[in-house]
Structure formats: C-alpha cells, structure tokens
Amino acid sequence: MSHTAMTILGFLIIFASTTLGSAVVWFFKKEISPKVNTVLLGFAAGVMIAASVWSLIIPSIEGASDWGQWSFVPALIGLLAGGAFLVVLDHIVPHIHKGTDEAEGPRVALGKPTKMFLAVTIHNIPEGLAVGFAFGAAQSIGETAAYAAALALAIGMAIQNFPEGAAVALPMKQVTGSRLKAFLYGAASGAVEPIAATVGFFLAAALTAAQPWFLAFSAGAMIFVVAEDLIPDSHLAEHPHLGTWGVMIGFAVMMVLDVALG
C-alpha cells in the first residue's frame, strides 16, 4: 500500500467506524445496559491512554532528542497545553455531558440533542488531530514504518470509535424519538475527526520542528477527555472490575497494535 493510500485509509476509518457504531441504533430498542456501557467506556479509555503514551508522548520525546536531557520539555508543555485546549472548548462551546446531564458553556437557545452532539464532537477533535499529526510526522520522515505506526494509531482510534458511535446514537434515540435522527447525529459527531486529521496533517507536515509539541498536545487533549468524561461516565464505582478490565484490555489492544505495526 502506498503512503498516500495509508494516509487516506487512516483518515477514513476513524469516521467510518463511528458511523458503523451509530448504525446499531437500528437494531437496539433501548440503551446499552449499564454493565456493557461500563466495559465499552473503559475499553475506549484504555485505548486512548495507550495511544497517548505509545503513539504520541514517546514519539514526542524521541523527536526532541536533540534537546538532550531536556527532551521532555516539548512533551510536558504540549501535554498541558492539550488539556488547556479542552478546557477552553468546554467554556466556549455550549454542550451537555451525558453523564451529568448538565449544560455547560454559553447559554444559548439550542435543543438538548444539539448540545449532546456538540459535547461528543468536542471530544472527537483530539482523536482526529492525533491521527493527523501522526501521519504528518510520517510524511516528514518518509519511511513506511512511520506510516504503519500512524495507521496503527488510526486503527486503534477506529476500534474505540465503534462503541463511541453507539454510545452517542442510542441516547439520542431516547431524546429525539427518531432512529434516523439519532443515527445522523452519531455519524455527524464523527465527521469532525477526518476534518481535524486533515488540519493536523498539514500542520505537522509544514512545521516539522513543532511535531514533538503537536504530538504531545493531542495526547494531553485525549488524556483530558479520558479523565473528565470516559472514566466518570463509565461509573467504575458501580461495576469496578468490569470497567477496570475494559481499561486493561483497551490499553493492551492499542499497545499491541502500536508495537506490531509500528
């Protein structure tokens, strides 16, 4: 497979997986059971944590190796900046977190489905950026192994996007009363990922010196999402072992993908 084909595939599968996950709304009459929801959210959290470490933070530190003993600086600052970026988005974009059902951001006349959609869309941006930054870095390196590592990251994101799509569409059906609207909301929430990936790709490809910062930035944003939303929404306190094993398995899957392909 050519490098261009790998890049296009990586951008497409993260969106296609969310769309497929949203399609389960046509087959389920009710929301996912709490136990299954705990496992799926835990799994998604594990994938994102592993992706942040193996595919983003470690390459960020390695990419700043010419900094010597200070090679951790871009990773450190980028990580914190990624979290701060999500805080800013939370304050400027009106949305509702499914776990708390509380409106956040500016008070505007938007319906609950739209605010729920925006909440998920906000948190899909870091995933798209991460994939785009990885492929942008791969282009500057020009080696197939780098593209394979970026594709591994995209596959990992796609794997956790499937249950994420379902987790968006099923509650939407309860709110909107329409399977079609719920499916469209779920699919649209994933559309931001290839857009963010494209932006990340061109930024990383054009500003090669900033790649370590970009990689750590997307890692920080994803870890912020895990800590603020995925872990709390999984209700680990109610089903601790199920959720914990979900995290463990998700981490292991992403780690294997990164090492095997990268």
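The bend at a residue is the angle between two fitted helix axes, one for the seven residues ending there and one for the seven starting there. With that in hand, welcome to this predicted model. By that reading, helix α2 has a kink of about 30°, centred on S52.

**Three helices and their bends**

Helix α2 is a good place to start. It is made of 30 residues, and its first and last C-alpha atoms lie 42 Å apart, close to the 44 Å expected at 1.5 Å a residue.

Helix α5 covers residues 144-176, which makes 33 residues, and its span of 45 Å is close to the expected 48 Å. A bend of about 30° sits at N161 in α5, and the proline P163 follows within four residues. How many residues of α5 are buried? The count is 24 of 33, so α5 is mostly covered, given that buried stands for under 20% relative accessible area. After α5 comes G177, which has a positive phi, near 75°.

Helix α7 takes in residues 211-233. Why does its span agree with expectation? Because 23 residues at 1.5 Å each should span 33 Å, and the end C-alpha atoms of α7 are 32 Å apart. Helix α7 also has a kink, of about 40°, centred on V226. H235 follows α7 with a positive phi of its own, near 55°.

Here are the three helices side by side.

| Helix | Residues in helix | End-to-end C-alpha span | Expected span | Bend and its place |
|---|---|---|---|---|
| α2 | 30 residues | 42 Å | 44 Å | about 30° at S52 |
| α5 | 33 residues | 45 Å | 48 Å | about 30° at N161 |
| α7 | 23 residues | 32 Å | 33 Å | about 40° at V226 |

**Where α3 meets later residues**

Now let us turn to helix α3, where two residues are worth a visit. A75 lies in this helix, and A75 counts as buried because its relative accessibility is 8%, under the 20% cut-off. Setting aside residues up to four places away in sequence, A75 touches S60, I61 and A216. A75 also pairs up with F214 over a long stretch of chain: the two are 139 residues apart in sequence, with 8.8 Å between their C-alpha atoms.

G83 is placed in α3 too. Is G83 buried or exposed? With a relative accessibility of 12%, G83 counts as buried. Beyond its neighbours within four places in sequence, G83 is in contact with G220, A221 and F224. The C-alpha atoms of G83 and S218 are separated by 8.7 Å, although their positions lie 135 residues apart along the chain.

**A buried loop residue**

V25 belongs to the loop between α1 (3-22) and α2. Its relative accessible area is 0%, so V25 is buried. Which residues does V25 contact, leaving aside those within four places in sequence? They are A169, L170, K173, R179, A182 and F183. M172 is 147 residues from V25 in sequence, with a C-alpha to C-alpha distance of 9.1 Å.

**Towards the surface**

Some residues are less covered. F72 is found in the loop between α2 (34-63) and α3 (73-92), and F72 counts as partly exposed because its relative accessibility is 38%, between the 20% and 50% limits. F72 is one of the residues that make a nonpolar surface patch of about 630 Å², the others being W67, W70, L76, I77 and L80.

L184 lies in helix α6, which runs over residues 179-206. At 47% relative accessibility, L184 counts as partly exposed. L184 and D229 are 45 residues apart in sequence, and their C-alpha atoms are 22 Å apart.

Methods. Residues are numbered from 1 along each chain as its sequence is written. This is a predicted model: local features need pLDDT of at least 70, side-chain atom pairs count only at pLDDT 80 or more; totals for chains, interfaces and linings use all residues. Side-chain values use heavy atoms; hydrogens and water are left out. Patches are made of residues with over 30% relative accessible area and no salt bridge: like charges are joined within 9 Å, nonpolar side chains (Val, Leu, Ile, Met, Phe, Trp, Tyr) within 5 Å. Accessible areas come from the Shrake-Rupley method with a 1.4 Å probe; for residues, only the protein chains shown count as cover. A salt bridge is a side-chain nitrogen of Lys or Arg within 4 Å of a carboxyl oxygen of Asp or Glu. Helices (H or I, at least four residues) and strands (E, at least two) are DSSP runs, numbered from the N terminus. Buried means under 20% relative accessible area, exposed over 50%, partly exposed in between (1.4 Å probe, protein chains only). The expected span of a helix is 1.5 Å times one less than its number of residues. Contact means heavy atoms within 4.5 Å.
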